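Trainee: Before we go through this model together, I would like to practise setting each value against the definition behind the word we use for it. Could you show me the sequence and structure, please?

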Amino acid sequence: MMGNRQLSLTTISTAYISIPTFVTACHNLMDKYAWKSVFLLYDTNSAPLNGAMASYFKAASDKIIGQSTVYVSFSSAKNESLTRVLRQFHNVSRVLIFLGHAAQLRQLLITASTLNMTDGNYVYIAMEAIFMPNIHGNLTWLYHDGQDEEAQVAFQSLIVIQPEASHAPWSRHAMELGRILRQRSVTEYNYTAPLDIQPDQIILGCYLAVIIFGQVLNEALEEGANVFDGTEMAKRFLERQFPNDLSGIYICSNGDRLPTLIISQFAIDDPKGCSSSDALKAIFRQNSNDTTKLVELHQIMWPFSTPWPPPNEPICGYRDENETCTAHGDSKSSDFYMTTLVLNLLFPYHIPVVNFSITAIIAAAISVVAICALASLIRMLRTALNTGWLLDQRELTNQTTINPTWSVTAITYPARRRDSQST
């Protein structure tokens with residue numbers, strides 16, 4: 001899956017992170033809900049893993065006929081406007097895939113809420129390939145910074161893709177092994193890993209490589225096979241599940257370890273604000289031995305009772321440019337509602353229907369003139385906003401390419417509590 005098997009016939013990988021598996025999960029979601037237009041946003045100031053994910057996603061998506069993906073890169077270090085990025089997104093899609101630091105994702109969603117873009121008509125997708133808050137940030141709405149209330153509501157529009165290991169508790173054997181390895185790290189190398197950078201899954205991947213090699217070697221010896229034939233020995237690993245009491249592992253036909261992924265959403269009534277097993281509600285599983293489909297686990301609960309899934313394109317188009325809607329007066333009706341709201345603010349008093357007087361007639365005439373003037377002004381503003389600050393899809397695609405240069409942010413955020421891994 002990572003490449004051409006014929007170029008590496010004797011190679012087997014047990015790496016914990018599988019970029020193609022995450023990209024496949026995204027494509028499975030798009031296929032399931034017929035989302036043909038996707039907006040991929042990549043923060044060049046985030047960890048290199050996000051850059052690799054963006055590059056692979058682009059390479060894979062470009063091969064899919066009928067899919068339109070707009071790629072936009074920005075740098076959080078330069079304080080670039082998230083509002084402008086979100087307006088670009090609004091103009092070409094309703095599905096945004098974010099690749100970057102979790103703190104930037106939270107700020108993006110808060111900004112989206114101020115633009116009324118977390119009302120259930122937009123989908124935001126994020127991936128947490130491995131839990132390392134000091135590098136990838138803390139995937140939560142709870143930061144105790146005065147914006148938690150807005151963030152909690154905005155996070156209801158977020159879909160998260162993670163390895164199943166992020167949801168399942170560790171086995172007793174795995175926890176004991178982790179304790180031994182951390183103790184040896186201190187006694188033999190005088191190094192203590194901080195709680196928010198515990199590389200347990202990465203170390204466990206190396207440990208599992210030795211275990212499954214020993215298992216395959218013993219099987220080959222018992223069968224009298226030639227254990228010095230690397231190509232034949234490697235074939236014994238392929239398309240095979242290796243169950244054990246540490247962590248089950250599946251090796252695909254290309255010799256890569258494929259994890260089972262869980263697609264979930266933040267529980268609407270979650271008081272803890274952390275992406276742990278009791279805060280994230282699993283809605284789909286993508287099994288390691290069959291990445292071609294998603295297995296439904298629970299019904300998705302979308303915010304504000306908005307029908308799920310949001311359509312690939314709104315009925316009136318991304319910019320309300322559909323001539324049919326304009327012909328039926330949808331645009332004018334929205335102008336009317338906006339004008340009515342303004343007039344309610346300007347004229348908060350109520351004129352009774354009965355007992356008309358000269359004053360009431362004059363006030364009504366003034367209101368009619370004000371409505372006409374405001375409607376005309378609003379139409380002018382809508383036209384300017386819809387054409388002045390937005391690029392069309394062709395211009396956006398040509399001007400936004402993925403920047404291959406990465407730098408890792410040095411900001412450390414508080415780690416989510418993982419009782420099962422903190423021993």
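Trainee: Where is Thr140 found, and why is Thr140 called buried or exposed?

Mentor: Thr140 is found in the loop between α5 (133-136) and α6 (148-154), where helices (H or I, at least four residues) and strands (E, at least two) are DSSP runs numbered from the N terminus. Buried means under 20% relative accessible area, exposed over 50%, and partly exposed in between, with a 1.4 Å probe and protein chains only. Thr140 has 3% relative accessibility, and therefore counts as buried.

Trainee: What makes the approach of Thr140 to Leu142 a polar contact?

Mentor: The side chain of Thr140 reaches the backbone nitrogen of Leu142 at 3.0 Å. A polar contact is a pair of N or O atoms within 3.5 Å; within protein, one must be able to donate a hydrogen and the other to accept it, and residues adjacent in sequence count only if both atoms are side-chain atoms.

Trainee: How far should I trust such details?

Mentor: This is a predicted model, in which local features need pLDDT of at least 70 and side-chain atom pairs count only at pLDDT 80 or more, while totals for chains, interfaces and linings use all residues. Residues are numbered from 1 along each chain as its sequence is written, and side-chain values use heavy atoms, with hydrogens and water left out.

Trainee: Why is α3 called roughly perpendicular to α4?

Mentor: Helix α3 (residues 82-92) and helix α4 (residues 102-114) pack at an angle of about 70 degrees, with their axes 10 Å apart. That angle makes α3 roughly perpendicular to α4, because angles of 65 to 115 degrees count as such, under 35 as roughly parallel, over 145 as roughly antiparallel and the rest as oblique.

Trainee: Which residues of α3 and α4 make the contact?

Mentor: Leu82, Thr83 and Leu86 of α3 meet Gln104, Gln107, Leu108, Thr111 and Ala112 of α4, contact meaning heavy atoms within 4.5 Å.

Trainee: How do you know whether Val95 is buried or exposed?

Mentor: Val95, found in strand β3 (residues 95-99), has a relative accessible area of 3% and is therefore buried. Leaving aside neighbours within four places in sequence, Val95 is in contact with Trp35, Ser37, Val38, Phe39, Phe89, Val123 and Ile125. Among these partners of Val95 is Phe89, and Phe89 is one of the buried residues of α3.

Terms used
Axes are lines fitted to C-alpha atoms, for helices over the stretch in contact, and angles run from 0 to 180 degrees between N-to-C directions.
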